[in-house]
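Subject: The two-chain model, and what turned up in it

Hi there,

Here is the structure I promised to pass on to you. Have a look around it on screen before reading my notes below.

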Amino acid sequence: MQPSSRIQTHHLRAMRVSWPFVLLALVIGGMQLAGAATAVGKPAPDFSAVDSNGKMHTLKQYRGSLVVLEWTNDQCPFVRKHYGTDNMQALQREATAQGVVWLSVISSAPGMQGYVSGDEANSLTKQRKAAPTAVLLDPKGEVGHAYGAKTTPHMYIIDREGVLVYMGGIDDTPSTDWEDVKTAKNYVHVALNEIMAGQPVSNAVTRPYGCSVKYNY
Amino acid sequence: MYTARSLIAVTCLSLVAPVSEGAANVVRTPQSEVTLVSEVAQAAAGRRFWVGLYLKLRPGWHTYWTNPGDSGLATRIEWTLPQGLVAGTIRWPLPARFPTGNLMNYGYADEVVLLTRVSVLPSVDRGAPLAIAAHARWLVCAHICIPEEGRFELRLPLAVGAPVLDPRGRRLVARAEARLPRASPENARYAPNRDTLVLSVPLPKETTGAMQEAWFYPLEYGVVDHSAPQPFRVTADGVELLLTRGERRDDALEHLRGVLVIRHRDERQEGFTINAMRR
């Protein structure tokens, strides 16, 4: 009995001692996270990434335009729901027709699900009649990690001043059922309309749902 | 290419196709084997009983808790029941953590029984066996995710008197019941700070005496960072956890809801439903 209670005492004391330290570490960690990841109302992290045609894009170059970032992976069942129903492409067409810059981002690492070459990305765009401004290839996950992108799809909207105004899901119905697209509330569609009407975004942070982004950890 | 795609399409179809009736009330895929079990072989009017969606997964695969974490999807069950029967919502056994890089998922590996309580009203029609049909949809993930679904049906005769137990079903249900969270400790509280939430849960000494680890699984998305470490300390009357806030900074949140899972040094687990009032 005696040894075990001694161990327990040590254990507790160790925890008491470590608590302020852990707190400090967490606060620092939290600040780093907040700096690294993104927050609505804060400037969106700048990035430079090459698209499927080898052209470089930076966030900065689109200052003055609304920018949508869409994390994607063509093999993911959640992504397939939104492309199989033309839901994502319709939104891309509608948004880009109104001058929105729409960047689809592929952060799948080589060998992981959804990783494609530039040519494969282009043929996917053609096959699926997708209409993004560009498809960014992010095989090292740099853009993904800068934004804290977790899922495919995971959607972000950046306003004309470069401030993040929306992050989260494509809609309010987490599922892989194609039927659900008809009844779901499309948060990105709503947010874009609100921004264009000069209104604040009513649901600025929502749950992203989907497959995990296939980073190479 | 075309042929390959058609093959994939056919495979996908066979994965989701409903399985034939009776004893073959099982959905088998390369990843999982799923069936519907009941703790009773014969139900009784005016009584309630558990049914369970029994998911067995191949090694390396997992499925999800009601809050799946940073990705994934919770299992859904739609019931079709005869008049006089009422099904509750899924009662989720204690989840486990599935970290991938800096993402965190909450769910189950190996096997899990998702329990639903079915009540038989006294007014139920006693003329025919009760047909309990479930359309279940679940997601299994390893490195990749595969949505699966199945339609299951149980036909249970009505007992003349007390319900008649089904030994295998009862065993599975009992195992799942033992893994359900216990009722919320009273006076659980949480205090929001700028980047953290401090969760205080009163617990008996038997529970806090040999704690190896405590983890709070939030019910809602975005309130707590799913993957951040959760340092804890044992206090005079329970446990205190330091949680990192998630993407939603809702200072008006009245209650922090979720499940607290405590792992003891002998690996035994205990779980509590948490409904912590804001301090």
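What follows is a short tour of what was found. Please keep in mind that this is a predicted model.

**Where the chains meet**

Let's begin with chain A and chain B together. How many residues does each chain bring to the contact? Chain A gives 33 residues and chain B gives 35 residues. Between chain A and chain B, about 3100 Å² of area is buried, and carbon and sulfur atoms account for 61% of that area.

There is also charge and polarity at work here. Five salt bridges are counted between chain A and chain B. One to find on your screen pairs Asp70(B) with Lys150(A): the closest N and O atoms of this salt bridge are 3.6 Å apart. In addition, eight residue pairs are in polar contact between chain A and chain B, with both residues at pLDDT 80 or more.

Which parts of chain A face chain B? The elements of chain A that give two or more residues to that side are α1 (2–36), α2 (77–84) and β9 (211–212). Of these, α1(A) has the largest share, with eleven residues. Sorted by class, this side of chain A holds 17 nonpolar, ten polar and six charged residues.

**Chain A, and a residue to look up**

Chain A has 217 residues, and 51% of them count as buried. Its secondary structure comes to seven helices and nine strands. If you take the contacts in chain A with a separation of 6 or more, 73% of them are between residues 24 or more positions apart.

A good residue to click on is Gln113(A), found in the loop between β4 (101–106) and α4 (118–127) of chain A. Is Gln113(A) buried or exposed? Gln113(A) counts as buried because its relative accessible area is 16%, and the cut-off for buried is under 20%. The side chain of Gln113(A) makes a polar contact of 3.0 Å with the side chain of Asn73(A). Setting aside neighbours within four places in sequence, Gln113(A) is in contact with Asn73(A), Gln75(A), Cys76(A), Ser108(A) and Lys214(A), and also with Ile144(B) from the other chain.

**The nonpolar cores**

Now for the inside. The largest nonpolar core has 41 residues, and the members that touch the most other members are Phe49(B), Leu53(B), Leu114(B), Val120(B), Trp138(B) and Phe152(B). Several strands of chain B each supply at least two residues of this core, including β4 (48–57), β10 (111–120) and β12 (145–156). The largest share, six residues, comes from β11(B). Apart from this core lies another one, of 31 residues, and its members include Val68(A), Ile170(A), Ala204(A) and Leu139(B).

Phe49(B) deserves a closer look. Phe49(B) lies in strand β4 of chain B and is buried, with a relative accessible area of 3%. Leaving out residues up to four places away in sequence, Phe49(B) touches ten residues by name: Ser38(B), Glu39(B), Val40(B), Ala43(B), Thr116(B), Arg117(B), Val118(B), Val120(B), Ile132(B) and Leu156(B). For a sense of distance, Phe49(B) and Phe232(B) are 183 residues apart in sequence and 38 Å apart in space, C-alpha to C-alpha.

**Two more residues in chain B**

His264(B) sits in strand β19 of chain B. His264(B) is buried, with a relative accessible area of 1%. Its side chain makes a polar contact of 2.8 Å with the side chain of Glu270(B). Beyond neighbours within four places in sequence, His264(B) is in contact with Glu206(B), Thr207(B), Ala210(B), Met211(B), Gln212(B) and Glu270(B).

Ser200(B) belongs to strand β15 (residues 196–202) of chain B. Ser200(B) is buried, and its relative accessible area is 12%. Which side chain does Ser200(B) join in a polar contact of 3.1 Å? The partner is the side chain of Arg279(B). Not counting residues up to four places away in sequence, Ser200(B) touches Asn187(B), Ala188(B), Arg189(B), Val239(B), Glu240(B) and Arg279(B). Ser200(B) and Ala128(B) are 72 residues apart in sequence, and their C-alpha atoms are 52 Å apart in space.

Enjoy exploring!

Technical notes:
Residues numbered from 1 in each chain as written. Chains lettered and ligands numbered in written order. Predicted model: local features only at pLDDT ≥ 70, side-chain atom pairs only at ≥ 80, totals over all residues. Heavy atoms only, no water. Contact = heavy atoms within 4.5 Å. Buried area = accessible area lost by both parts, 1.4 Å probe. Salt bridge = Lys/Arg side-chain N within 4 Å of Asp/Glu carboxyl O. Polar contact = N/O pair within 3.5 Å; in protein donor to acceptor, adjacent residues only side chain to side chain. Helix = DSSP H or I, 4+ residues; strand = E, 2+ residues; numbered from the N terminus. Nonpolar A, V, L, I, M, F, W, Y, C, P; charged D, E, K, R; others polar. Core = buried A, V, L, I, M, F, W, Y, C linked by side-chain atoms within 4.5 Å. Buried < 20%, exposed > 50% of the residue type's maximum accessible area, 1.4 Å probe, protein only.
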